[in-house]
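Reader: I've got this one up on my screen and I'd like to talk it through with you. Can we take it piece by piece?

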Amino acid sequence: KKKARESCSLPESSWEERLANAVTPLWRLPYQEQLQVKYESQRKILQTLASRLEELGIDAQKPGGLCCPLQPVVPSPIINGYRNKSTFSVNRGPDGNPKTVGLYVGTGKERNIVCVKANHVENIPSKHKQVAQCYEEFICRSPLDSCILFHEGGHWRELVVRTTSCGHTMAIITFHPQELGQEALATQKALLKEFFTCGPGAVCALTSLYFQESTMTRCSHEQSPFQLLHGAPHIFEELLSLKFRISPDAFFQVNTAGAEVLYQAVGELCQATGDSVLLDICCGTGTIGLSLAHRVSKVIGVEVVEKAIEDAEWNAAFNGISNCEFHSGKAEAVLPQLLASWEDARPLVAVVNPSRAGLHYRVVRAIRNCRSIRRLLYISCKPEGEAMRNFLELCCPPDPRKKLAGEPFAPVLAVPFDMFPHTVHCELVLLFTR
């Protein structure tokens, strides 16, 4: 409560307050009230799903107009500073400084974007803020401009900071090379390394410092490799008594303590037994599958990011887990092949944890058409978005025109997890059976 009172002392309509309101809209509310707000928003989503299913001729109305029972929001064990990954932009600040490192207030559409330092944002840990401040100090000393609009030139771009409960810190700096030659690039990398190892940035005690040359908004390792300038190639996290290796662009739940609670619940909801096979779709570094491997006979993970699969395989070997196999590639390419030839008699339980873009239709179709999958857990951080399309595809009547022959699923239970305190978002776990 004391912390909340201190936060509310931000000057009214200050840039810091505007940023806090944009990034963490619920920051003024006591935590129990935040959970209630989130519960109501999840309830509306389930009501919408029930209505959409009714339109498809499916009797899905349950008490309260929901498509299935909704449990209370499971709280996050940590409320402030819980993020293990933060992405900071470089742009003009409220004072006109074009090398401000922070988060955006405003929109491109309105042409009123301002980059504001994140010092007062509740969900970002102090270590991330420290690295952002040091990066700003470095680029302000640099004769090279920040890259605000690609076609206008400039070089210094966003900063990603990742931390773990083991005390590791990784910084990834994105740089637009423009017309710089290799020698000039080498000079900038040397200066950056010197600043963070011997200069003022040494206070950050970075475990890993990465540099990526990118001419695109976002760039994968395959498109433009992450270059290690200093330290270890990976950082490590401990979760549910397992150790996980994390690469620069590998997905890992942003709230580690919350992820432990989430994965334990996923294990219970799966009801997977010793003879079950767990299909972990969009598995990232393998956290869900590996944490449940001791409960099942086999885990099969699918993930598009190659480096994440390398991490998953390392994680399995390091933790002495031998009943997991991981497939690298787009789920819509890998899964249909995997399931089309599925002849294993063991029960197959699927867990999907896609990005906000949801699952490709071919993935949903492969799941529907595989008779062995009777139980499916869909984990979504934006269930009102593209995930809603997936829910309808999973539950709609068979449709030969869409090659959707399999028996439909039905939603039977919804459990929201607050992985993002102070924001309006939460992670919804929706259990489907057939």
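Reader: Let's start with the hairpin. Which residue in the turn between β4 and β5 has a positive phi?

Author: Keep in mind that this is a predicted model. β4 and β5 make a hairpin, and five residues sit between the two strands. The turn residue with a positive phi, about 95°, is G167.

Reader: How many bridges hold β4 and β5 together?

Author: β5 covers residues 169-175, and it runs antiparallel to β4. One pair you can look up is T163 with its bridge partner T169 in β5. The count of bridges joining β4 to β5 is six.

Reader: And β1, how many bridges join it to β4?

Author: β1 and β4 run antiparallel as well. On this side, T87 stands opposite V160 in β4. The number of bridges joining β1 to β4 is four.

Reader: Is β4 largely enclosed or open, and how many of its residues are buried?

Author: Buried here means under 20% relative accessible area. β4 is largely enclosed by the rest of the structure, because its buried residues number eight of the eight.

Reader: Now for pockets. What volume does the second largest pocket have, and which residues lie nearest its centre?

Author: Its volume comes to about 420 Å³. β1 (85-91) and β4 (156-163) each put at least two residues into the lining. The whole lining has 19 residues, and those nearest the centre are V90, N91, Y104, I148 and L149.

Reader: How many residues of that lining are charged?

Author: Sorting the lining of the second largest pocket by class gives eight nonpolar residues and five polar ones. The charged residues in that lining number six.

Reader: What about closed spaces: which helix gives the largest share of the lining of the largest cavity?

Author: A search of the whole structure turns up four cavities of 30 Å³ or more, and the largest has a volume of about 50 Å³. Its lining includes F88, V101 and K117, along with K129, A132, Q133 and E136. By class, the lining splits into four nonpolar, two polar and three charged residues. The largest share, four residues, comes from helix α4 (residues 126-141).

Reader: Let's move on to S76. Which residue's side chain does it join in a polar contact?

Author: S76 is found in the loop between α3 (31-55) and β1. S76 counts as buried because its relative accessible area is 6%. Leaving out residues up to four places away in sequence, S76 touches Y31, N255, D418 and P421. The polar contact, at 3.0 Å, joins the side chain of S76 to that of N255.

Reader: T24 is in a loop too. Is it buried or exposed, and what is its relative accessible area?

Author: The loop in question runs between α2 (15-23) and α3. Neighbours within four places in sequence aside, T24 is in contact with L19, V121, N123, H422 and T423. T24 is buried, because its relative accessible area is 0%.

Reader: How far is T48 from M388 in space?

Author: T48 lies in helix α3 and is partly exposed, with a relative accessible area of 37%. In sequence, T48 and M388 are 340 residues apart. In space, C-alpha to C-alpha, the separation of T48 and M388 is 9.1 Å.

Reader: Over at β15, which residue stands opposite A410?

Author: β15 (residues 410-417) is largely enclosed by the rest of the structure, because six of its eight residues are buried. β15 pairs with β16 (residues 427-433) in the antiparallel sense, over seven bridges. Opposite A410, in β16, stands T433.

Reader: What do the buried residues of α10 pack against?

Author: In helix α10 (residues 361-368), the buried residues are V363, V364, A366, I367 and R368. Their packing partners are β10 (277-281), α9 (331-340), β13 (348-352), β14 (373-380) and α11 (386-395).

Reader: One last backbone check: what phi does A205 have, and what about Q271?

Author: A205 lies in the loop between α5 (182-197) and β6 (208-213), and at 53% relative accessible area it is exposed. Q271 is found in the loop between α6 (256-270) and β10, and it counts as exposed at 55%. A205 is not a glycine, yet its phi is positive, about 50°. Q271 is not a glycine either, and its positive phi is about 50°.

Methods:
Residues are numbered from 1 along each chain as its sequence is written. This is a predicted model: local features need pLDDT of at least 70, side-chain atom pairs count only at pLDDT 80 or more; totals for chains, interfaces and linings use all residues. Side-chain values use heavy atoms; hydrogens and water are left out. On a 1 Å grid over the protein atoms alone, a cavity is a set of points where a 1.4 Å probe fits but cannot get out, and a pocket is an open set with protein on both sides within 12 Å along at least five of seven lines; lining residues have an atom within 4 Å of a point. Grid points are joined across faces, edges and corners, and a volume is the space filled by probe spheres set on the points. Ala, Val, Leu, Ile, Met, Phe, Trp, Tyr, Cys and Pro count as nonpolar, Asp, Glu, Lys and Arg as charged, and the others, Gly among them, as polar. Buried means under 20% relative accessible area, exposed over 50%, partly exposed in between (1.4 Å probe, protein chains only). A polar contact is a pair of N or O atoms within 3.5 Å; within protein, one must be able to donate a hydrogen and the other to accept it, and residues adjacent in sequence count only if both atoms are side-chain atoms. Contact means heavy atoms within 4.5 Å. Two strands pair if DSSP finds at least two bridges between them.
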